[in-house]
Amino acid sequence: MSAMSNKLNSKLSLPVIISILLHGILIIALGYKFVSDTGENYGSINGNSIDAIMIDPSVMTEQYQRQLQTQVNQQKADQKTQELLDKQIKELAEKAEAEKAAAEKAAAEKAAAEKAAAEKAAAEKAAAEKAAAEKAAAEKAAAEKAAAEKAAAEKAAAEKAAAEKAAAEKAAAEKAAAEKAAAEKAAAEKAAAEKAAAEKAAAEKAAAEKAAAEKAAAEKAAAEKAAAEKAAAEKAAAEKAAAEKAAAEKRAKQKAEQAKKDKALNDLLGGLTSGTPSSGGVASRKGVSDGELDKYKSLVQNAISNKFINPPNVYRGKTCELQIQIAPDGLLLNVTSKGGDADLCREALAATKLAVIPKPASSLYNEVKTMNIEFQPK
């Protein structure tokens, strides 16, 4: 409050000082005019100087009245001036109050505006600082992310390069190892093949030699057996032939006797029995029928077929003519091919050598000891 009073007093002192100064100037001016008027009229008339001074009471009275009037007028003027000054002072005070109120309002508005501006600036500053902090944080995060991504990319690239290098080295090592293993395997296989071939050749040679030896022994044994059997067969055949010869001679004798009897009977009956077939049927080759011969040959073919191998009927429809020589007990003495498919004949000869040929009847032996068979696989 004292500050406001001092401020108001300081504002009111200026009009007061101005009023005092104006009053002082007015008083000085009136005094100067009074002195000048009295000095100019003293000792002169119409501007002419006189040696003696004459005082006229009326003039003095008039002059005094003028002075009084002047003083009154001056007082009135001073009063008007004072009123004017008071009015001006009042107006100045009111104006000062209004200006003060306006100034205070402006100050308050300015303070409010400044406060609002300050708050706005603070808010903007805080927002800017926040945005700057967020931007800095984002830039920092982005930089850190970029650095991390770059480091990860560089690490991934390094790892990839290392992996590719390791893979290339591994592939090269594996390739070298594979080539080495393949070479070693090829060498081992070659050595094994050579060893197997050598062993096989040796085994085959040994087997061939063994087979040849066994075959020679078997052939020798077979030859000896065949010779013995042949000798026995020849002896038996000779004995049989002698017996058959005796029997044949006996039969011939009996036949001659029967023929003689038949002739006598025929002559007796007048040839009525001539041309009549015998009741025993047609005989051929000393009493051996074709049916018996064909039946025996069929048995021989079955014996050969039992030892013959015909994979997927390779030889279907093919034939081979075989000539077979046997002993009286059926022992194979020899077999040869007389014509037909060469492959079939080769297999048929082998099968015949393995076959068990049945023993022919003694009456049939002479007809089958050397026989031709047309062999056809079943």
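I take buried to mean under 20% relative accessible area, exposed over 50%, and partly exposed in between, with a 1.4 Å probe and protein chains only. The model is predicted, so I use local features only at pLDDT of at least 70 and side-chain atom pairs only at pLDDT 80 or more, while totals for chains, interfaces and linings use all residues. Residues are numbered from 1 along each chain as its sequence is written, and side-chain values use heavy atoms, with hydrogens and water left out.

**Overview**

I took helices (H or I, at least four residues) and strands (E, at least two) as DSSP runs, numbered from the N terminus. I found 5 helices and 5 strands in the protein. Along the sequence the pattern reads α-β-β-α-α-β-β-α-α-β. Buried residues make up 13% of the 378 residues. I also looked up the accessible surface (Shrake-Rupley method, 1.4 Å probe). The protein exposes about 28000 Å², and carbon and sulfur atoms supply 60% of that. For contacts I count heavy atoms within 4.5 Å. Among contacts between residues at least 6 apart in sequence, 73% join residues at least 24 apart.

**Sheet**

I call two strands paired if DSSP finds at least two bridges between them. Which order do the 3 strands of the open sheet take? I read 4-3-5, with antiparallel pairing. Strand 4 (332–340) and strand 5 are the edge strands, and each pairs on one side only. The twist averages 25° from one strand to the next; axes here are lines fitted to C-alpha atoms, for helices over the stretch in contact, and angles run from 0 to 180 degrees between N-to-C directions.

I then followed the bridges. Strand 3 joins strand 4 through 7 bridges. Cysteine 320 has glycine 340 as its bridge partner in strand 4. Between strand 3 and strand 5 I count 6 bridges, again antiparallel. In strand 5, isoleucine 373 is the bridge partner of leucine 322, and threonine 370 is that of glutamine 325.

**Strand 5, face by face**

In a regular strand the side chains alternate between the two faces of the sheet. I checked strand 5 for this alternation. Met371, Ile373 and Phe375 point to one face and are buried. Thr370, Asn372 and Glu374 point to the other face and are not buried.

**Hairpin of strands 3 and 4**

The hairpin has 5 residues between its strands. Glycine 330 there takes a positive phi near 95°. Aspartate 329 lies in the loop between strand 3 and strand 4. Aspartate 329 is partly exposed, because its relative accessibility is 39%. The C-alpha atoms of aspartate 329 and tyrosine 365 are separated by 9.0 Å, with their positions 36 residues apart along the chain as the sequence separation.

**Helices on the sheet**

Helix 3 lies across strand 3 and strand 5, at about 60° to strand 5. Helix 4 (residues 342–354) also packs on the sheet. I see helix 4 touching strand 3, strand 4 and strand 5, with its direction at about 165° to that of strand 4.

**Core**

I define a nonpolar core as a set of buried Ala, Val, Leu, Ile, Met, Phe, Trp, Tyr and Cys residues joined through side-chain atoms within 4.5 Å. The largest one has 25 residues. Those with the most contacts inside it are Tyr296, Val300, Ile304, Leu322, Ile324, Ile326 and Met371. Helix 3, strand 3, helix 4, helix 5 (365–368) and strand 5 each give two or more residues to this core.

I looked up isoleucine 324, leaving aside neighbours within four places in sequence. Its contacts include Val300 and Ile304, Leu332 and Val335, Thr352, Ile357, and Lys369.

Lysine 369 sits in the loop between helix 5 and strand 5. Is lysine 369 buried or partly exposed? At 36% relative accessibility, lysine 369 counts as partly exposed. Beyond neighbours within four places, lysine 369 contacts Ile324, Gln325 and Ile326. Lysine 369 and isoleucine 326 are 43 residues apart in sequence, yet 5.0 Å apart in space, C-alpha to C-alpha.

**Aromatic pairs**

I pair rings of Phe, Tyr and Trp (its six-membered ring) if their centres lie within 6.5 Å; planes under 30 degrees apart are stacked, over 60 edge-to-face, the rest tilted. I count 2 aromatic pairs. The rings of phenylalanine 308 and phenylalanine 375 have centres 5.4 Å apart and planes at 65°, so I log the pair as edge-to-face. Phenylalanine 308 is in the loop between helix 3 (290–307) and strand 3 (320–326), and phenylalanine 375 is in strand 5 (residues 370–375), 67 residues apart. Both phenylalanines are buried. Ring pairs link Phe308, Tyr315 and Phe375 into a cluster.
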